[in-house]
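Please look at the chain below with its sequence beside it, and follow the paragraphs while turning the model to the parts they name.

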Amino acid sequence: MTDLVMIPAFGCDAGLYAGIVPLLPPDVMSSVIVADGETFAQCVEQVLVRAPSSFVILGTSFGGRVALETALAAPDRVKGLVVIGASAGPPADPKAGWRRSERLRAGEASQIAAEMGAMISHLDGPNGPAARHAFIAMCERLGPGVMTRQSDALARRQDLGPWLGDIACPALMLWGEHDKFSPAADGQQMAAAMLHGRYVELKDCGHFPSLEYPAETAAAISRWMEDTGLAPTA
């Protein structure tokens, strides 16, 4: 049995992965941890307290950053890493991150969810509008408190680039071709920097592959787990 811990993106809950869980190998036991520390160090602590002693970690966007930092903080426990649409670098515009946090504290969570929702998915794709709707609904369920803490953590993030080579476990960088938040080059560079990195790109897809293309996303993860021995071949 392989334990797979999944960390959702900013504003998201377990609904982000509901479409892929039934499609993963039968010997993969998945769980979801919504990290909401005000720093990524706090988020890592939340994960390590709740996660099994040995696990594969998967995260999307904000959750992908949590997954990266967890892999670096606990290499003895993290046996595999999947990052979807997350950068290892610092914020391109730290002031913009803090403005988002200020707006969340001022009661603008719905407006921010709508603005981000318009960029989250590849709206021209077959599942783009549904993915946008799903993101906004998750933000409403999660609430402004969690979103504000996550926003603060994003605004404070540091450059992990110099340490990517320290990640020795198998690592999959899974990207949507039309990701507007984190370009494909981010995933390609991280995969190249890691000892056992692999990059996979989904065509006609935006920032949330698990919402837009759940079957293809689950297939890519399953193949990678089987190829690396993290999940036995059926």
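In this predicted model, a good place to begin is a network of salt bridges that links Arg 103, Glu 108 and Glu 115. Arg 103 takes part in two of these pairings: with Glu 108, the closest N and O atoms are 2.7 Å apart, and with Glu 115, the closest N and O atoms are 2.9 Å apart. Since Arg 103 belongs to helix H3 (residues 94-105) and Glu 115 to helix H4 (residues 109-120), this second pair ties together parts that are twelve residues apart in sequence. How accessible are the members of this network? Arg 103 has a relative accessible area of 25% and is therefore partly exposed, because a residue counts as buried under 20% and as exposed over 50%, with partly exposed in between. Glu 108, at 25% relative accessibility, is also counted as partly exposed, and Glu 115 is counted as partly exposed at 40%.

The structure holds nine salt bridges, and another one of them joins Asp 227 to Arg 198, with the closest N and O atoms 3.2 Å apart. Here Asp 227 lies in helix H9 (residues 214-227) whereas Arg 198 lies in strand E6 (residues 197-202), so that the pair ties together parts that are 29 residues apart in sequence. The two partners fall into separate classes of accessibility, for Asp 227 counts as exposed at 55%, while Arg 198 counts as partly exposed at 30%.

From the salt bridges we can turn to the way in which helices lie against one another. Two packed helices are described by the angle between their axes and by the distance between those axes. Helix H3, which holds Arg 103, packs with helix H6 at an angle of about 165°, and their axes are 8 Å apart. Angles over 145 degrees count as roughly antiparallel, and H3 and H6 are therefore roughly antiparallel to each other. The crossing in which H3 passes H6 is left-handed. On the side of H3 the contact is made by Gly 97, Trp 98, Arg 100, Ser 101, Leu 104 and Arg 105, and on the side of H6 the residues include Met 147, Thr 148, Ser 151 and Asp 152.

Helix H4, where Glu 115 is found, has a packing partner in helix H5 (residues 128-142), and the angle between these two is about 150°, with their axes 8 Å apart. H4 and H5 are therefore roughly antiparallel to each other, and their crossing is right-handed. The contact draws on Ala 113, Ala 114, Met 116, Gly 117, Ala 118 and Ile 120 of H4, which meet Arg 132, Phe 135, Ile 136 and Cys 139 of H5.

Helix H5 also contains Arg 141, a residue that is exposed, with a relative accessible area of 53%. If its neighbours within four places in sequence are left aside, Arg 141 is in contact with Asp 13 and Gly 15. Arg 141 and Asp 124, on the other hand, are 17 residues apart in sequence and 26 Å apart in space, C-alpha to C-alpha.

Where, then, is a helix to be found that is largely enclosed by the rest of the structure? Helix H2 (residues 62-73) fits that description, because ten of its twelve residues are buried. Among the buried residues of H2 are Phe 62, Arg 65, Val 66, Leu 68 and Glu 69. The surroundings against which the buried residues of H2 pack are strand E1 (2-7), helix H1 (40-50), strand E3 (55-60), strand E4 (78-84), helix H6 (144-156) and helix H7 (184-193). H2 reaches 17 Å from its first C-alpha to its last, which is close to the 16 Å expected at 1.5 Å a residue.

Finally, two loop residues deserve a look for their backbone angles. Ser 61, in the loop between E3 and H2, has a positive phi of about 55° although it is not a glycine. Asp 204, found in the loop between E6 and helix H8 (209-212), likewise has a positive phi, near 60°, in a residue other than glycine. With a relative accessible area of 30%, Asp 204 is partly exposed.

Conventions
Residues numbered from 1 in each chain as written. Predicted model: local features only at pLDDT ≥ 70, side-chain atom pairs only at ≥ 80, totals over all residues. Heavy atoms only, no water. Helix = DSSP H or I, 4+ residues; strand = E, 2+ residues; numbered from the N terminus. Expected span 1.5 Å × (residues − 1). Buried < 20%, exposed > 50% of the residue type's maximum accessible area, 1.4 Å probe, protein only. Contact = heavy atoms within 4.5 Å. Salt bridge = Lys/Arg side-chain N within 4 Å of Asp/Glu carboxyl O. Axes fitted to C-alpha atoms, helices over the stretch in contact; angles between N-to-C directions. Parallel < 35°, antiparallel > 145°, perpendicular 65-115°, else oblique. Left-handed = near helix turned anticlockwise from the far one by under 90°.
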